[in-house]
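Below is a set of questions and answers for a first-year student. Each answer sets a value beside the definition it depends on.

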Amino acid sequence: TDVFVVSLSSAIDFDTAKGSFGTEIDFGAEGFAKAKLLLELADLDVAKVKQANQATDILEAMQVWEEMFEYLSLTALKIEYADDQLADKVLADVPDINQLKMMSEMQIDMFLGQYPEQAKQLKTAISGFLEDKNGFKVSATAKNPVGLNELESLYISGGLTDSISFEFEGN
């Protein structure tokens with residue numbers, strides 16, 4: 001019989017005094033791939049969390065969560081992907097990896113047009129991953145906590161990288 005092992009682990013750091021929340025989730029399928037997600041948030045209103053958890057009506061709870069998200073801030077987001085053979089299997093039938101790279105580069109240029117340094121780094125990372133199919137990492141680290149409700153306007157204005165540093169790596 002074939003053995004298929006899937007793993008999942010998670011850790012949570014919730015500091016009610018500081019109003020910070022961090023979580024790390026690791027999951028993988030042995031012999032195929034592993035992924036890690038790290039998320040750190042700040043400005044979490046603990047009283048709102050309690051209020052939402054005590055709500056007896058789902059609509060009331062959703063309203064409280066919506067109010068809480070108005071002030072929630074991003075501190076860090078990191079994603080790591082380590083490949084064993086999943087990418088090889090998924091990409092085995094792709095007729096031309098270079099064409100896939102070109103298409104991804106066009107999408108990146110459209111999405112990150114006002115962020116040429118980050119676009120170049122992401123294109124290099126994706127190219128490296130598609131060629132070697134071993135791993136991919138992306139991280140966004142705020143210089144100071146950035147409100148989740150501010151991210152869209154920062155992105156549109158071209159000021160996102162003034163508040164958040166980005167790194168991309170592919171190999």
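**Values and definitions**

Q: Why is S139 called buried or exposed?
A: S139 has a relative accessible area of 14%. Buried means under 20%, exposed means over 50%, and partly exposed lies in between, with a 1.4 Å probe and protein chains only. S139 is therefore buried. The residue sits in strand β5 (residues 135–147).

Q: What is the basis of these values?
A: The model is predicted: local features need pLDDT of at least 70, side-chain atom pairs count only at pLDDT 80 or more, and totals for chains, interfaces and linings use all residues. Residues are numbered from 1 along each chain as its sequence is written, and side-chain values use heavy atoms, with hydrogens and water left out.

Q: Which residues does S139 touch, not counting residues up to four places away in sequence?
A: Contact means heavy atoms within 4.5 Å. With that cut-off, S139 touches L77, K78, S165, F166 and E167.

Q: Why does Q118 count as buried or exposed?
A: The relative accessibility of Q118 is 13%, so Q118 counts as buried. Q118 is found in helix α5 (residues 116–132). Helices (H or I, at least four residues) and strands (E, at least two) are DSSP runs, numbered from the N terminus. Leaving out residues up to four places away in sequence, Q118 touches L112, T161, F166 and F168.

Q: How many aromatic pairs does a search of the whole structure find?
A: The search finds 7 aromatic pairs. Rings of Phe, Tyr and Trp (its six-membered ring) pair if their centres lie within 6.5 Å; planes under 30 degrees apart count as stacked, over 60 as edge-to-face and the rest as tilted.

Q: What makes the pair of F14 and F21 stacked, edge-to-face or tilted?
A: The ring centres of F14 and F21 are 6.2 Å apart and their planes stand at 70°, so the pair is edge-to-face. F14 has a relative accessible area of 36%, so F14 is partly exposed. F21, at 24%, also counts as partly exposed.

Q: What makes the pair of W65 and F69 stacked, edge-to-face or tilted?
A: The centres of the W65 and F69 rings lie 6.3 Å apart and the planes are at 35°, so this pair is tilted. W65 and F69 are 4 residues apart in helix α2 (residues 58–69), so about one helical turn separates them. W65 is partly exposed at 31%, and F69 is partly exposed at 41%.

Q: Which residues have the most contacts inside the largest nonpolar core?
A: A nonpolar core is a set of buried Ala, Val, Leu, Ile, Met, Phe, Trp, Tyr and Cys residues joined through side-chain atoms within 4.5 Å. The largest one has 19 residues, and those with the most contacts inside it are L44, I108, L112, L122, V146, L160 and I164. Two or more residues of this core come from each of α5, β5 and β6 (164–170).

Q: Why is the protein more spread out than a compact globule?
A: The protein has 7 helices and 6 strands. Its radius of gyration is 19 Å, well over the 16 Å that the globule rule gives for 171 residues, so the protein is more spread out than a compact globule. The radius is taken over C-alpha atoms, and the rule is 2.2 Å times the number of residues to the power 0.38.
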